[in-house]
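Please read the following report alongside the sequence and the coordinates, taking each chain in turn before the contact that joins them.

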Amino acid sequence: MFPAPSDEVLSVRNLSIGFRTPGGILPAVQDVSFSVRRGETLALVGESGSGKSITSLGILRLTPPAPFCQVRGEVILRTPDGRAHDLLALPEPEMRSLRGDAMAMVFQEPMTSLNPVHTIGEQIAEAVRFHRGLGKRAALGRAAELLELVGIPNPHRRLSNYPHQLSGGMRQRAMIAMALSCEPSLLIADEPTTALDVTIQAQILELLQELQQKTRMAVIFITHNLGVVAEIADRVMVMYAGRVVEQAPVVPLFKAPRMPYTQGLLRSVPRLDWAGRRGEKLAAIPGNVPDALAPPSGCAFAPRCEHHRPGLCDAAVPPLEASGADHDVRCVRWSELLPEAAA
Amino acid sequence: MSTYLLRRLFQALVLLLIVSAVGFSILHLAPGGPLSQFAAGGEMTQADLDRIARDMGLDRPLPVQYAEWLWHMAQGDWGRSYRDQQPVLHIIVAHLGATLELMLTSTLIAMALGSWIGILGAMRRYSLFDSLATIGAMIAVSIPTFWFGLVVIWLFSVTLGWLPAGNRYTVGDGSWLNQLHHLIAPSMVLALVSTAVWSRYMRSSMLDVINQDYIRTARSKGIPERRILFRHTVRNALLPMITIAGLQLPTLLSGALVTETIFTWPGMGRLFLDSINYRDYPVVMGILMFTAVLVLLGSLVADLLYGLADPRIRLA
């Protein structure tokens, strides 16, 4: 095992998640390893189907039950009391006592993620009641505090509102209040701003950053929006077809991406200063994400890669190599593709 | 809310008018008529029959007869039975108790048992229990009631002698134990199909809810499974059941034709069948209107209850 820094909150080693389908085992996540420290924000980036959401559900063990879904690997969560919990080995009752308490999750779609027949107050108070043993009245008081914390005006009046009575942004704030109710050490936010207006997105991101500074919680932020990544992440992990393909702190990743896929992703972000400059077209990565049941041999990105070299890239799955300090890349040609090497 | 009720009431009146006109026409289109029983004896002359028809008002054109029936109905006069000259409303009220007793018992059994089977089946989807419940429901729905009723009588009354073969109570024995004894077989027969149907509705409603995002959210909060099941899953799964229960309301009072006939149960279902056989137009029309009102009332009650149970729905 790796010697863990004392402020490491979550450490994931060789996590693999497979779904049983009529066509065989579908590997949704393969051999994913990473860690998040206290106060750090790790962005998990990738296209739909790259395995980023499944990874987060796997950490909380919210994936479907055993015969349909197999989770392997090691996930260690360190709680503030100094204890390390081996999440994949914990019995369900102990796992349940950590969920919503030491680690919490904010989901993508705040409308469908809130129960339509219970009030916002009840739903926020629920976790506090079970993890902190508060009575109903005290838990509702705590819920009002939390609503205030996430910037909802008239928190006491909002307690008795139903989800459909709140706007999208308010609902997501309520979701965040719910996740923060027991002051988790780890917050997983699964595309928390995707379903929101751009202006509301910015507010929610700001709120999350502000709350993180207050609580020093570790945040895993799942997104496919690189603009958001640049805004809030400390480190970035890029996933493709269930595997980590590049991992680095945010600045090196944006300045010098080494995996051709990451380069493609960055090129496909529309930028204001490009508009009409030389009549350039926005670059898109050609092709589609491979079929997980029939993956290409070798590098999963090879069929779409402009630097693809037959006989080399499709020979074997490339290893995730350290390409510098805290910068890992999964590409057999990364060193020859460096700008310096090409020049 | 009150405008909503007024609108619903107006819609109901229009519907009742249509139902009565269609019902009246079909009834009079049926071959035979109230006079055929007098003619059957062979002792009456055509002149006698014509006189009776004139007395009963049956010689006039159909629209006139309908208008007259409607006019009386609007004033609260349901007419009198051709068979015994009793007021129609009295006859209906006299048969309600027996029907309510039977239908309420079987419906409560069906809802309780059906919900339980449906919830358990959905929670352990594709388990042995779920498969057996699915096959069982299929069989229960496919069994014709008249056949199953006869089998129950043959097995429990004729062969084993455990249960009475029919009637609401033994003449001369008015104890509730005796009534309960008579209630078992017919309510069992009736509950069989509705339990099966109810369990299927409940199961699919549960499966809809189990896959909702908010159940995953509840799980992510680490609250106990029991609470997730009852407060989050069942609570939401029961919502569509309100509508189905509302549609059941009319059958509570209109009774079950086949079962009541097989078990000689003196309820509304048997009254309806007997009245049709006698071409007792006023009674048949009375039951028809009574049932139509119940159907409309049932769906109105269901909608109002839905508004109470689901905060997203506010009736306006």
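The report below covers chain A, then chain B, and then the contact between the two chains.

The model is predicted, and every value that follows was computed from it or taken from a record, as stated in each case.

**Chain A: two domains and their contact**

The domain assignment of chain A gives domain 1, at residues 8–233, and domain 2, which is made of the two segments 256–271 and 282–342. The C-alpha centres of domain 1 and domain 2 of chain A are 30 Å apart, and the two are joined by a contact in which ten residues of domain 1 of chain A meet six residues of domain 2 of chain A. On the domain 1 side, β2 (24–37) and α8 (226–232) of chain A each contribute at least two residues, with β2(A) giving the most, namely four residues. In composition, the residues on this side of domain 1 of chain A divide into four nonpolar, five polar and one charged.

**Chain A: strands and helices**

The strand β2(A), which gives the most to the side of domain 1 of chain A that touches domain 2 of chain A, is also part of a hairpin with β1(A), the two strands being separated by two residues. Ten bridges join β1 (residues 8–21) of chain A to β2(A), and the two run antiparallel; within this pairing, A:Gly18 stands opposite A:Pro27 in β2(A).

Chain A also holds an open sheet of eight strands with mixed pairing, in the order β6-β7-β8-β3-β9-β10-β12-β11. At the edges of this sheet stand β6 (103–106) and β11 (321–324) of chain A, each with a single partner strand, so that one side of each is left without a neighbour in the sheet. From one strand to the next, the twist averages 20 degrees. Strands of a sheet pair through backbone hydrogen bonds, either parallel or antiparallel. In this sheet, β7 (residues 186–190) and β8 (residues 218–223) of chain A run parallel and are joined by five bridges, and A:Asp190 has A:Ile222 in β8(A) as its bridge partner.

Among the helices of chain A, α3 (residues 120–132) and α6 (residues 168–180) have axes that come within 8 Å and cross at roughly 20 degrees. That crossing angle makes α3(A) roughly parallel to α6(A), because angles under 35 degrees count as roughly parallel. From α3(A), the residues A:Ile120, A:Gln123, A:Ile124 and A:Ala127 meet A:Ala174, A:Ala177 and A:Met178 of α6(A). The residues of this helix contact divide into six nonpolar, one polar and no charged.

**Chain B: a chain of helices**

What does the secondary structure of chain B come to? It comes to 14 helices and zero strands, so to speak of its order from the N terminus is to list α elements throughout. Along its principal axes, the C-alpha trace of chain B spans about 85 × 60 × 35 Å.

The domain assignment of chain B gives domain 1 at residues 2–74 and domain 2 at residues 89–309, with C-alpha centres that lie 32 Å apart. Their contact takes 14 residues from domain 1 of chain B and eleven residues from domain 2 of chain B. On the domain 1 side, the largest share, nine residues, comes from helix α1 (residues 2–29) of chain B, and the residues of that side divide into eight nonpolar, five polar and one charged.

An unreviewed UniProt entry places the feature "domain: ABC transmembrane type-1" at residues 96–306 of chain B. Over those residues the chain is 82% helix and 0% strand, and the end C-alpha atoms are 27 Å apart.

**The contact between the chains**

Chain B gives 17 residues to the contact with chain A, and chain A gives 24 residues. On the chain B side, α9 (213–220) and α10 (225–237) each supply at least two residues, and the largest share, seven residues, comes from α9(B). The residues of this side of chain B divide into four nonpolar, six polar and seven charged.

The table sets out the composition of the sides and contacts described above.

| Side or contact | Nonpolar | Polar | Charged |
|---|---|---|---|
| Domain 1 of chain A, touching domain 2 of chain A | four residues | five residues | one residue |
| α3(A) with α6(A) | six residues | one residue | no residues |
| Domain 1 of chain B, touching domain 2 of chain B | eight residues | five residues | one residue |
| Chain B, touching chain A | four residues | six residues | seven residues |

Note on methods. Residues numbered from 1 in each chain as written. Chains lettered and ligands numbered in written order. Predicted model: local features only at pLDDT ≥ 70, side-chain atom pairs only at ≥ 80, totals over all residues. UniProt positions renumbered as here; feature names shortened; annotations may be inferred. Contact = placed C-beta atoms within 7 Å. Nonpolar A, V, L, I, M, F, W, Y, C, P; charged D, E, K, R; others polar. Axes fitted to C-alpha atoms, helices over the stretch in contact; angles between N-to-C directions. Parallel < 35°, antiparallel > 145°, perpendicular 65-115°, else oblique. Domains from an automatic or database assignment. Pairing = 2+ DSSP bridges.
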